[in-house]
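I opened my notebook to record, step by step, what I looked up in this model. I begin with the strands and then move on to a position that carries an annotation.

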Amino acid sequence: LNLCFSKLRPFTKLSTTDTMTDFSGFKNLFHRFLQVKGPSVEWAKINRPPEDSIQPYEKIKAKGLPNNITETLNKLVVVKLNGGLGTSMGCKGPKSLISVRNENTFLDLTVQQIEHLNKTYNADVPLVLMNSFNTDEDTKKILQKYSHHRVKIHTFNQSRYPRINKESLLPIATNMGMTGENAEAWYPPGHGDIYASFHNSGLLDNLLAEGREYMFVSNIDNLGATVDLFILHHLICQPADKRCEFIMEVTDKTRADVKGGTLIQYEDHLRLLEIAQVPKAHVDEFKSVTKFKIFNTNNLWISLSAIKRLQERNSMDLEIIVNPKTLDGGLNVIQLETAVGAAIKSFNNAMGVNVPRSRFLPVKTSSDLLLVMSNLYSLDAGSLTMSKKREFLTTPHVKLGSSFTKVQDFLTRFENIPDMLELDHLTVSGDVTFGKNVSLKGTVIIIANHGDRIDIPAGAMLENKIVSGNLRILDH
């Protein structure tokens, strides 16, 4: 530990208060990392959560809406996790600035949702963005365009921590700079950093002073994470001494969600179990849909006063996730991270709510993007809802190949988005393009082998079809 910080300490002569705060936070995290021996959970101690600790959404909804919706909404803050870049989808800058529907970005849709709430109920729900050093500058430039919208927007930055050499356990940074040889030396330490950063920014105290009581936190790329008045009412209407300080929205697992974190009972506490914490021998058991039936959507409702209490007592002990990375030059490093949902064990009367799948609509890949751009969904006041013309509540399973990974490549391969209302499964691999007004139904598999190209002609209707080989449509 001393070796590590003797290398970091010279940086602090040039430090701002923010840098000193980051330095202190990292020191604590690194110290805990060195102290922890063995796995963070003992598999034998893991139990299923008690029946009443995860309530069905229908039971929460049955309580109805508050008598005064405006007054209830004015106790709420909406927080979006906005620290990520769009690199996995081939985009530069913040992921929240990628266009996802009718030229609207994730951020546009979020602002529209909250503005619609504020106008409908004459409320004043603010939007708070947790940025990272990767996204802060670009996001703040864009925020000017919302100055005339009926939404107050605040930002704060999560911490900036140094990446650690996997072999020496020393920071790879040589100074506090973020360019040149230090360009890859820093990282934002996961969304579990929200509690300390929010508290340290002063914004938490300001919002408490305004009479805010709860925050609704979600990933900005989850288009299903809208403000739910029934869950909010459930929180606000509890007696003060029994008030639930933390709700995690969970939903039923499918085969696509086997890696998602799940809720367990551990040493008399409700706790989030992530796949990174699972011993290798038990990974298949963790992925099982029969034993662990639900997973964390990362839509969380958290008491602001409880965050303040836990921060001031320094009593929020989040499990450390060790994230190994290989940098461009081949150097192996580790990032020490924490997850926002892991704090559930520290809050009083915490519970899960099993919500409909529609509240989990993340856009992580171009396959997800195809779904949300299609006629499966309609857009109203920034919210996407499943089309009533769709016979099934589940979304189709879509797997687009590497030719579609980057958003720009994806967009050039579709003259417009196909009709997918009756689609169950779509797999596309290789050099494939789609003409206008294509309709896809049932199970459709399109495979262009290396060197081949398939152009699906305009107006084509593919139902339960496998298309392979070569199909070129040439202009004449």
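In which sense do S2 and strand S10 pair, and over how many bridges? Working with a predicted model, I found that S2 and S10 (residues 214-219) pair in the parallel sense over 6 bridges. To place one of these bridges, I looked up Leu 76 and noted that its bridge partner in S10 is Tyr 214.

I then turned to strand S5 (residues 127-131), which runs parallel to S2 and is joined to it by 5 bridges; in S5, Val 128 is the bridge partner of Val 79.

Next I asked myself whether the residues of S2 (residues 76-82) are buried or exposed. I counted 7 of the 7 as buried, so the strand is largely enclosed by the rest of the structure. In a regular strand the side chains alternate between the two faces of the sheet. I therefore checked each face of S2: Leu 76, Val 78, Lys 80 and Asn 82 are buried on one side, and Val 77, Val 79 and Leu 81 are buried on the other.

My next entry concerns His 191, which an unreviewed UniProt entry covers with the annotation "binding site". I located His 191 in the loop between strand S9 (186-187) and H7, and I noted a relative accessible area of 27%, which means that His 191 is partly exposed. Among the residues that His 191 touches are Leu 81, Met 130 and Asn 219.

Finally, I followed the chain into helix H7 (residues 194-201), where the buried residues include Tyr 195 and Phe 198, and just after H7 I found Gly 202 with a positive phi of about 90°.

Terms used: Residues numbered from 1 in each chain as written. Predicted model: local features only at pLDDT ≥ 70, side-chain atom pairs only at ≥ 80, totals over all residues. Heavy atoms only, no water. Buried < 20%, exposed > 50% of the residue type's maximum accessible area, 1.4 Å probe, protein only. Helix = DSSP H or I, 4+ residues; strand = E, 2+ residues; numbered from the N terminus. UniProt positions renumbered as here; feature names shortened; annotations may be inferred. Contact = heavy atoms within 4.5 Å. Pairing = 2+ DSSP bridges. Lists of a residue's contacts leave out its neighbours within four places in sequence.
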